[in-house]
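User: Please take a close look at one part of this model. I want the strand pairing, the helix packing and the odd backbone angles in one connected account.

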Amino acid sequence: MFKLYKKYLKKYKKHIILGPLFKLVEAIFELLVPLVIARIINEGLKNELFTDQEKRIFILQNGGLLFAFAAIGLCSTLVCQFFASRASQGFGTELRDDLYEHINSLSFKELDQFGASSLLTRMNSDINNLQQSVAMLIRLVVRAPFLVIGATILSFLLSWKAGIIFLGTGILLFVIIFLIMLYTIPRNKKAQKKLDDVTNITKENLSGNRVVRAFSKQKYEFRRFVDENVNLRTILTRIGKVNALLNPMTFIVTNLAIVAVLYLGGYEFKLGNLNQGNITSLYNYLLQIQLAIMVVANLVVIFTKASASATRIHEVFKSNSSIIDGKEETRLNSVPFEFQNVSFQYNDNAKPAIQQVTFTIKEGMTVGIIGGTGSGKTSLISLMNRFYDVSEGNILLYGRNIKEYKTSFINAQISTVMQKAILFSGTIKENLLWGKKDATEEDIKQALHASMSYEFVSKLDDKENTILYQGASNLSGGQKQRLSIARALVKNSPILILDDSSSALDFKTELNLRKSIQSLNKTTILISQRASSIMHADLILVLDQGKLVGKGTHQELLKTCKIYSEICDSQDLGGEQK
């Protein structure tokens, strides 16, 4: 936690120094108040040498002094509040920016390990906890201990016996606070982890709401949410019960101290060692300690949460991308891809997703990749984009090992349309410009034509300036797929990869789309569940459980690859072509 403070509060040194100083000023004047009250009682009300008029003037003068203390304290508090607000908001903003940037620098491997829901919780809830702790650090961390220590010292000046009671009270209260912190810090970490689970279920249900309703699973999903929410509540309740002990224990200890001080004060007053004003001051100082410890109790809750949140944020910052950027930006030859005995698994304990795969894709080829669910098709194109690094073997991109290239160079060479069509809120045009920021109107128009999107986009009221809702929910699945292809075409890279990105299209539209893409003369890699979508490819790769079980043309594979033949037969394509 303190590492984050040190790094992100550098710009706010003035705020974290001046803020507590102004709060310290307020605390000093607060400690002076009981002394002034004691003076009013001892020298004003009880002074037999003063006339009634002199007593009235003396009380009014000291009352004015108390008013001045209050005004100075209020101004100091407002200034401190301003510094605390600026520093905490700036701290949270910069930390959130850096965390977001770091998350985007991680490879898919690290993102898979954390999970989207956990990262969302860390970006929001955890940073908010730390942000709140910064505000409290500036506003109250100095003030509360100073009041306790100051009141204890002043109590010794009034009566050393009372001072001992104050000192013992302070030590006992801080022991109680320490024990409660010892209990709550690890449990706050568990609570944040449970919050990840609740966020994950919420995210799944909101993004998959249509599926939930289509299968009438609202009650089931609600029960799943409730179960996780109850688990979270159980942990938070346990923490809350322990934290709830702070205030009553504080009251018990301080009230016992008040009883002891009043008893001692009465005894000392009887002996003539203390006067009424001093006893009143001691009582007021105990009340100040009581209020200060209650503040400390709230700070304990805030800082234990912040400590747990800081640990979770550090976990993300400590995680570095397994993809190390290369230095090369030039091709050695014109061969887009050469896989040499490539194997890949998502983690050390996972089953290999790709096993000993070898093939070559030449420039200008149309390559089809087919196989059953879980056969490794998407894993293959993830390796082509270097979203992951291979576990064994080598991938050559234009003659060089793909690891030698800069990531920016790889991105420039490949336009990929993912299996799930993702469009962002904004206009259609803004989404298309993701491919190329400086694309012209003609570039956009050509991409829309080539992707079979122009017809439906031209019928929209605002055409390419039509606003898309979140997740492009105002478009059909096929329309989203075609716009995703258009975005890739605007990028105009020499290699185009389509990962089952026409699955929502009817056969006629898909046929026209395929012909349109072929006319672009790009190296095209098509992944599809439909044999009809890839049967005209120059090279077809057949995958089964991560292994390359066949490669060749459609006609060759019908004769040599049993799995491909079975796929074609199941789709009524086998006999027609034999």
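Analyst: The account below starts with one strand, then takes up helices, loops and a hairpin.

This is a predicted model, so the cut-offs matter: local features need pLDDT of at least 70, side-chain atom pairs count only at pLDDT 80 or more, and totals for chains, interfaces and linings use all residues. Residues are numbered from 1 along each chain as its sequence is written, and side-chain values use heavy atoms, with hydrogens and water left out.

Start with strand β9, residues 495–499. Helices (H or I, at least four residues) and strands (E, at least two) are DSSP runs, numbered from the N terminus. β9 is mostly covered, with five of its five residues buried. Buried means under 20% relative accessible area, exposed means over 50%, and partly exposed lies in between (1.4 Å probe, protein chains only). In a regular strand the side chains alternate between the two faces of the sheet. In β9, I495, I497 and D499 point one way. L496 and L498 point the other way, and all are buried.

β9 has a partner in strand β6, residues 414–417. The two pair in the parallel sense over four bridges. Two strands pair if DSSP finds at least two bridges between them. T416 has I497 as its bridge partner in β9. β9 also pairs with strand β10, residues 523–527. Here five bridges join the strands, and they run parallel. L498 has L526 of β10 as its bridge partner.

Next come two helices, α15 (residues 441–450) and α17 (residues 477–491). Two packed helices are described by the angle between their axes and the distance between the axes. For α15 and α17 the angle is about 135°, with the axes 8 Å apart. Axes are lines fitted to C-alpha atoms, for helices over the stretch in contact, and angles run from 0 to 180 degrees between N-to-C directions. α15 and α17 are therefore oblique to each other. Angles under 35 degrees count as roughly parallel, over 145 as roughly antiparallel, 65 to 115 as roughly perpendicular, and the rest as oblique. The crossing of α15 and α17 is right-handed. A crossing is right-handed if the near helix is turned clockwise from the far one by less than a right angle, and left-handed if anticlockwise.

Which residues of α15 and α17 make the contact? From α15 come D443, I444, A447, L448 and A450. From α17 come L483, A486, L489 and V490. Contact means heavy atoms within 4.5 Å. By type, the contact residues of α15 with α17 divide into eight nonpolar, no polar and one charged. Ala, Val, Leu, Ile, Met, Phe, Trp, Tyr, Cys and Pro count as nonpolar, Asp, Glu, Lys and Arg as charged, and the others, Gly among them, as polar.

M452 lies in the loop between α15 and α16 (454–458). Its phi is near 65°, a positive value in a residue other than glycine. M452 counts as partly exposed, because its relative accessibility is 23%.

N431 sits in helix α14, residues 428–432. Buried or exposed, and why? N431 counts as buried because its relative accessibility is 3%. Leaving aside neighbours within four places in sequence, N431 is in contact with L423, F424, G426, L468 and R487.

Now helix α12. It is mostly covered: seven of its eight residues are buried. The buried ones are K377, S379, L380, I381, S382, L383 and M384. Just after α12 comes R386, with a positive phi of about 55°, although R386 is not a glycine. R386 is placed in the loop between α12 (377–384) and β4 (392–397). It counts as buried because its relative accessibility is 7%.

That loop leads to β4. Five bridges join β4 to strand β1 (residues 337–344), and the two run antiparallel. E338 stands opposite L396 in β4. β4 is also joined to strand β5 (residues 400–401), by two bridges, again antiparallel. L397 has R400 of β5 as its bridge partner. β4 and β5 form a hairpin with two residues between them. In the turn, Y398 has a positive phi of about 50°.
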